Amino acid sequence: MATITPQELQTKVGEHLGTSDWVLVDQDMINKFADATGDHQFIHVDEEKAKLTPFGGTIAHGFLTLSLLPLLGASTDGPKVGGIKMGVNYGCNKVRFLSPVRSGKRVRSHVKLLELDEKRPGQWQQTNEVTVEIEGEEKPALIAEWISQFFV
């Protein structure tokens, strides 16, 4: 994995930056997310009742899939900016949940750099289009414009 400067990354606006490793979304992960958020809707946590739905079983919360972006981003095979002192999430411009992630499926992300601007000396704001793919499925789980800032 290459280490580059923010200025070098800036030349890659509009380009695909990389693909992450696969991550398994299993029932244990879904249950822990339900406990952490208080969202215990049956479609997520009741395997027997969820079998009776069109999904045929439990599905991950959309926000669980969204919350995997940092984990997926950490394993992306694209270039990394060297010398980062700190990074923070800034938000999202758009998030669309396109297809549910069924328990037991694996997901990975594909990242495209949309913008990179230096807000103040050493403070950079990066906007990526992130598509979360579900293994073996045509339609992605989600597409988001994720904004983060990093400090060098």
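This is a walk through the structure above, from its overall fold to its core, one of its helices, its largest pocket and a few single residues.

Let's begin with the whole. The model is a predicted one, and it contains six helices and eight strands. Follow the chain from its start and these elements come in the order β-α-β-β-α-α-α-α-α-β-β-β-β-β. Along the principal axes, the C-alpha atoms of the protein occupy a box of roughly 55 × 30 × 25 Å. The protein has 152 residues, and 39% of them count as buried. Sequence separation is worth a look too: if you take the contacts between residues at least 6 apart in sequence, 71% join residues at least 24 apart.

Now step inside. The largest nonpolar core has 28 residues, and the members that touch the most others are Leu 9, Val 25, Leu 69, Val 101, Val 107 and Val 132. Helices and strands both feed this core: at least two residues come from each of β3 (23–25), α2 (27–37), α5 (62–67), α6 (69–74), β6 (105–120), β7 (123–134) and β8 (142–151). Val 132 makes a good place to pause. Setting aside residues up to four places away in sequence, Val 132 touches Thr 65, Leu 69 and Leu 72, then Val 107, Arg 108 and Ser 109, and finally Pro 140, Ala 141 and Leu 142.

Helix α2 is a good next stop. Its buried residues are Gln 27, Ile 30, Phe 33 and Ala 34. Looking down the axis of α2, you will find these buried residues within an arc of 125°, so they line one face of the helix. Turn to the other side of α2 and you meet Lys 32, Asp 35 and Ala 36, which are exposed. What do the buried residues of α2 pack against? Their partners are β3, α3 (42–45), α4 (47–50) and α5. Just after α2, the chain reaches Gly 38, which takes a positive phi of about 80°.

Two residues of α2 lead us on to helix α3. Gln 27, in α2, has a relative accessibility of 11% and therefore counts as buried. Beyond its neighbours within four places in sequence, Gln 27 is in contact with His 44, Val 45, Glu 47, Thr 58 and Ser 103. Asn 31, also found in α2, is partly exposed, with a relative accessible area of 27%. With neighbours within four places in sequence again left aside, Asn 31 is in contact with His 44 and Val 45. Asn 31 and Val 45 are 14 residues apart in sequence, and their C-alpha atoms are 6.1 Å apart in space.

His 44 itself belongs to helix α3. Is His 44 buried or exposed? His 44 is buried, with a relative accessible area of 7%. Not counting residues up to four places away in sequence, His 44 touches Gln 27, Ile 30 and Asn 31, as well as Asp 39, Thr 58, Ile 59, Ala 60 and His 61.

Let's move to the largest pocket, which holds about 570 Å³ of space. The elements that give two or more residues to its lining are α6, β4 (80–81), β5 (86–97), β6, β7 and β8. There are 24 lining residues, and Gly 73, Lys 80, Gln 126, Asn 128 and Ser 148 lie nearest the centre of the pocket. By character, the lining divides into 13 nonpolar residues, ten polar and one charged.

Two strand residues round off the tour. Val 81 lies in β4 and, at 13% relative accessibility, counts as buried. Apart from its neighbours within four places in sequence, Val 81 is in contact with Thr 3, Ile 4, Thr 5, Pro 6 and Leu 9, and with Phe 150 and Val 152. Between the C-alpha atoms of Val 81 and Gly 38, which are 43 residues apart along the chain, the separation is 36 Å. Cys 92, for its part, lies in β5 and is partly exposed, with a relative accessible area of 37%. Residues up to four places away in sequence aside, Cys 92 touches Glu 145, Trp 146 and Ile 147. Gly 104 comes twelve residues from Cys 92 along the chain, and the C-alpha atoms of the two are separated by 27 Å.

Key. Residues are numbered from 1 along each chain as its sequence is written. This is a predicted model: local features need pLDDT of at least 70, side-chain atom pairs count only at pLDDT 80 or more; totals for chains, interfaces and linings use all residues. Side-chain values use heavy atoms; hydrogens and water are left out. A nonpolar core is a set of buried Ala, Val, Leu, Ile, Met, Phe, Trp, Tyr and Cys residues joined through side-chain atoms within 4.5 Å. Buried means under 20% relative accessible area, exposed over 50%, partly exposed in between (1.4 Å probe, protein chains only). Helices (H or I, at least four residues) and strands (E, at least two) are DSSP runs, numbered from the N terminus. Contact means heavy atoms within 4.5 Å. The arc is that of the directions from the helix axis to the C-beta atoms. On a 1 Å grid over the protein atoms alone, a cavity is a set of points where a 1.4 Å probe fits but cannot get out, and a pocket is an open set with protein on both sides within 12 Å along at least five of seven lines; lining residues have an atom within 4 Å of a point. Grid points are joined across faces, edges and corners, and a volume is the space filled by probe spheres set on the points. Ala, Val, Leu, Ile, Met, Phe, Trp, Tyr, Cys and Pro count as nonpolar, Asp, Glu, Lys and Arg as charged, and the others, Gly among them, as polar.
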